[in-house]
Amino acid sequence: MTTARYARWDGAGRPFAVVEIGVPDSLRPGEVLVRVDLATLCGSDLHTVHGRRASPAPSVLGHEQVGTVLRTAPGLRCADGTLVTPGLRVVWSVTASCGRCDRCVRDMPQKCAGLRKYGHEPLDPGAPLVGGFATHCVLLPGTTIVAVPDGLPDVVASPASCATATVAAALAAAPGDLSGRRVLVAGAGMLGVTAVAMAAERGAHVVAVDPHPARRARAARFGAAETAAAPAPGAFDVAVELSGASASVAACLSALDIGGVAVLAGSVSPGEPVPIDPERVVRGLHTVTGVHNYRPADLQTAVDFLAAHQDRYPFHELVAGRHALSELDSAFAAAAAGTAPRQAVLPG
């Protein structure tokens, strides 16, 4: 029997346990069996493991990964129409949606009423392969699948499933052409430098704000025209908040010029409430919008962007370490130490 292994997370403060099971013999309609070639630790994984973010336990964490199709239900296609076949290298969405509920019909599949999320589900011992920290993953019906070009390395492709696609969604929430507009990117971690590069490629004058000098220097390498420890008030057409810090959210709201748009995407764990001056919002014609998860097109945009610009920007430097599945605790310790925006896990 072919076997698979997954890392079971039993709750904050407890070590991961590697469990071996048999690979499913058959697939249900709409499912795909994928071998996980490389996974990366997302910031939300880190929040979960350290008890800063609610998540069911036990579970199989991980939702940024790249893999190879082993078996598939017939007739399934990627977001761009490519037929899903064994041997195809792919990334997949963090969510699986029904496509029929009122939210899906209203173009909010990322908030489907029956949403399933990879790396966020309670452990089902009978079907545990629904997280990236495993040798295999069973893709559920309603999952967006995107083919990965041959020239795109695993370490660059893996974050597309969360970080890069989330940034694509955040920038899509800023209406209109970004060319010549002043764009503030708050937070220069993985999402922040990706947003800097994406906005810069769309012609924006990007200012990256982060309290850490090393992160500001990295943002400059990803196309930031300026960097600063704090934003100038009232100076920006678009402010994209990706750190999740309450003070940073408040700074983004204060930084908007007339007609400015604030896109909040970093606040995915509990934080202090942020006061809003309603008169300033009204008189400034401001828009404040939240982005969580992403639509299918955003994942395709993410992979296309990485494939087109990996030689221009050092995305490969954002992922450090090569940890075995049995070394997942060490991977999280390295991630907490901040040696790089992402740590890599090689489940095989």
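# Notebook: aromatic rings, cores, a pocket and backbone exceptions

I began with the aromatic residues and noted that F222, F305, Y313 and F315 form one aromatic cluster. I am working from a predicted model, and I keep that in mind for each entry below.

**Aromatic pairs.** I counted the ring pairs in the model and arrived at six aromatic pairs. The pair I looked up in detail was F16 with F332, which is stacked, with 5.3 Å from centre to centre and 25 degrees between the planes. I then checked where the two partners sit: F16 is in the loop between strand 1 (3-8) and strand 2 (17-22), while F332 belongs to helix 10 (residues 328-337), so that the pair links distant parts of the chain, 316 residues apart. I recorded both F16 and F332 as buried. For Y313 and F315 I found ring centres 6.4 Å apart and planes at 80 degrees, and I therefore entered this pair as edge-to-face. Y313 and F315 are both buried as well.

**Nonpolar cores.** I turned next to the largest nonpolar core, which has 55 residues, and asked which members touch the most others; these are V91, F222 and F315. I noted that helix 5 (residues 190-201) supplies the largest share of this core, with eight residues. Apart from it I found another core, of 32 residues, which includes V32, A39, V90 and F332. As background I wrote down that in soluble globular proteins nonpolar side chains tend to be buried together.

I went back to F222 and listed its contacts, leaving aside neighbours within four places in sequence: V193, V196, A197, Y313, P314, F315 and L318.

**A302.** I looked up A302 and placed it in helix 9. Its relative accessible area is 0%, and I therefore entered A302 as buried. Not counting residues up to four places away in sequence, A302 touches A160, T164, A165 and M198. I also took the C-alpha to C-alpha distance from A302 to L346, which is 22 Å for two residues 44 apart in sequence.

**Second largest pocket.** I recorded a volume of about 290 Å³ for the second largest pocket. Its lining has 19 residues, and those that lie nearest its centre are R28, G126, A127, P128 and V138. When I sorted the lining by class, I obtained eleven nonpolar, three polar and five charged residues.

**Backbone exceptions.** Before this entry I reminded myself that most residues other than glycine have a negative phi, and that most peptide bonds are trans. I found a cis peptide bond between A57 and P58, with omega at about 5 degrees. I located P58 in the loop between helix 1 (43-49) and strand 4 (64-72).

I then noted that L285, although it is not a glycine, has a positive phi of about 55 degrees. L285 is in the loop between helix 8 (278-283) and strand 14 (287-290). With a relative accessible area of 60%, L285 is exposed. I made a parallel entry for N293, which is not a glycine either and has a positive phi of about 60 degrees. N293 is in the loop between strand 14 and helix 9 (296-309). Is N293 buried or exposed? At 7% relative accessibility I entered N293 as buried, whereas L285 stands in my notes as exposed.

Terms used
Residues numbered from 1 in each chain as written. Predicted model: local features only at pLDDT ≥ 70, side-chain atom pairs only at ≥ 80, totals over all residues. Heavy atoms only, no water. 1 Å grid on protein atoms, 1.4 Å probe; cavity = no way out; pocket = protein on both sides within 12 Å on 5 of 7 lines; lining within 4 Å. Points joined across faces, edges and corners; volume = space filled by probe spheres on them. Nonpolar A, V, L, I, M, F, W, Y, C, P; charged D, E, K, R; others polar. Core = buried A, V, L, I, M, F, W, Y, C linked by side-chain atoms within 4.5 Å. Buried < 20%, exposed > 50% of the residue type's maximum accessible area, 1.4 Å probe, protein only. Helix = DSSP H or I, 4+ residues; strand = E, 2+ residues; numbered from the N terminus. Contact = heavy atoms within 4.5 Å. Phe/Tyr/Trp six-rings, centres within 6.5 Å; stacked < 30°, edge-to-face > 60°.
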